[in-house]
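Reader: I want to go through this model briskly. Show me the sequence and structure, then I will ask.

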Amino acid sequence: MDKRLTDKHAPDAPPEGGIESLAPRKRPSETPAKATPPVNPGAAAAQRVDLSTPPIERVSMKMTYFCITFSVLLMFLVGSLSLVYTRGVVLVSEIDLLGASQPDRRFGQLERQMLVAQEQIFPVAPGEPPPQPLPQSPGERVARGTFVKAGSLDDLAQESSYVILHELLDLNKALLSLQRRVAAYDEELSYPLPGMKSAAQGLGIVGAPATNGDPMINFYCTQRYNAADKPATPEQSNIYMLGMNMAQVLDQACKYNLGYVSTSVPSVREWSYRIKEGIEPYGIWVLPCLYAALGSMIFYMRLILDPQQQNPPFFRVAHRMSLAALAGMIITWFWEPAFGSDGAFNTVGFGLFTFAFIVGFSIDVFFSLLDRLVSISLGAVNRLGTASG
């Protein structure tokens, strides 16, 4: 082997002082490091997370039960008050439909026509019983053996009187039905929630007694028939008003079981105004606020479906519901000017309560609407300044 290669790879000779001189010398300032225990990487990572971010509280059962209970309560309120409001709207529409035909004037006309028909077509002498009604058709008269002399009664006039009587009875029935329903609805407006009247009576909070809607003519007829054996004085039997004998008018009303006379027909317009005044708060702020609050609660109900979501604090739930209720009430302020004439919006089929519910579910819809109205207002102001300049 070449000696040069062997010398090249041979180890160097040790320096003076021996092998100990090869160890690194310690500096005076250095101290020996203490032994540290082994560190778990997972624990260290968890400790770093705890120090950097607060712990995330998952959706708790308490929050879930709260949302469910409050949602059921809101649904009960919305359903009960919506039913009251809907009944009022339907009742107002029926009253306005009847009021368009002026029932008070029509009732007086039919009443006078019945009095004339009674005097001219069915005359009754004092002390004689009233004539029996004749069969309607000549065939029925022949079959029953009833023969009427020519000119004794006019068939057309008799048929006309029957038509007048049926129209008068139908109008009387419609007025009585609406009067009773209006009286019942007035009581429903005072106690709109189920069980509210019983609770008020239990607490001693009782309002004015509700009327049953029966007209005063029933009291008169009852008193008159109870005193039928007492002869009436001339002053009581000869009371005239605009040429009509009011005693005959009252007798006719009692005879046909009418609830009114021409001078006692109630004002249909007054019914309509009273009900509209009662349901106005429901349509302006009560129901829009409740629908928006219900939409906000539905938002949180959807949020807690995911168990990995963060538990929403109570103050945040209350803040969003209050904001949604306020937005629902504000929507009613410019509902008609903003959307009443918008054909595209009406085509969707949105109503005021539906839109309030959507605003409560997604409050961004409300803020987008406000931003849009601000842009429109700024454009109008800019045009106004340009025109004036």
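Reader: In which helix is the place of Phe366?
Author: This is a predicted model. The protein has 16 helices and two strands. Among the helices, the one that holds Phe366 is H16.

Reader: Is Phe366 buried or exposed?
Author: The cut-off for buried is under 20% relative accessible area. Phe366 has 4% relative accessibility, so Phe366 counts as buried.

Reader: Which residues does Phe366 touch, not counting those up to four places away in sequence?
Author: One partner can be located by its C-alpha atom. Ile330 is 36 residues from Phe366 along the chain, and their C-alpha atoms are separated by 9.5 Å. The full list of residues that Phe366 touches is Ala327, Ile330, Ile331 and Val359.

Reader: Which element gives the largest share of the largest nonpolar core?
Author: This core has 62 residues. Elements that give two or more residues to it include H3, H6, H12 and H16. In soluble globular proteins, nonpolar side chains tend to be buried together. The largest share of this core is 13 residues, and it comes from H11.

Reader: Which residues is Leu175 in contact with, leaving aside neighbours within four places in sequence?
Author: Leu175 is among the five core residues that touch the most other members, and Phe107 is another of them. Phe107 is also a contact of Leu175. With neighbours within four places left aside, the contacts of Leu175 are Leu98, Pro103, Phe107, Tyr260, Val265, Val268 and Trp271.

Reader: Is Tyr65 buried or exposed?
Author: Tyr65 is found in helix H3. Tyr65 belongs to a nonpolar surface patch with Met61, Ile68, Val72 and Met75. Together these residues have about 520 Å² of accessible area. The cut-off for exposed is over 50%, and Tyr65 has a relative accessible area of 52%, so Tyr65 is exposed.

Reader: What share of the accessible surface of the protein belongs to carbon and sulfur atoms?
Author: Buried residues make up 30% of the 389 residues. The accessible surface of the protein comes to about 26,800 Å². The share that belongs to carbon and sulfur atoms is 61%.

Reader: How many contacts does the model have for residues 145–152 beyond four places in sequence?
Author: The protein averages a pLDDT of 74, and 62% of the residues score at least 70. Over residues 145–152, pLDDT stays under 50. Over residues 231–235 the pLDDT is also below 50, with zero contacts beyond near neighbours in sequence. For residues 145–152, the number of contacts beyond four places is four.

Technical notes
Residues are numbered from 1 along each chain as its sequence is written. This is a predicted model: local features need pLDDT of at least 70, side-chain atom pairs count only at pLDDT 80 or more; totals for chains, interfaces and linings use all residues. Side-chain values use heavy atoms; hydrogens and water are left out. pLDDT is the predictor's confidence in each residue, from 0 to 100. Contact means heavy atoms within 4.5 Å. A nonpolar core is a set of buried Ala, Val, Leu, Ile, Met, Phe, Trp, Tyr and Cys residues joined through side-chain atoms within 4.5 Å. Buried means under 20% relative accessible area, exposed over 50%, partly exposed in between (1.4 Å probe, protein chains only). Helices (H or I, at least four residues) and strands (E, at least two) are DSSP runs, numbered from the N terminus. Patches are made of residues with over 30% relative accessible area and no salt bridge: like charges are joined within 9 Å, nonpolar side chains (Val, Leu, Ile, Met, Phe, Trp, Tyr) within 5 Å. Accessible areas come from the Shrake-Rupley method with a 1.4 Å probe; for residues, only the protein chains shown count as cover. A salt bridge is a side-chain nitrogen of Lys or Arg within 4 Å of a carboxyl oxygen of Asp or Glu.
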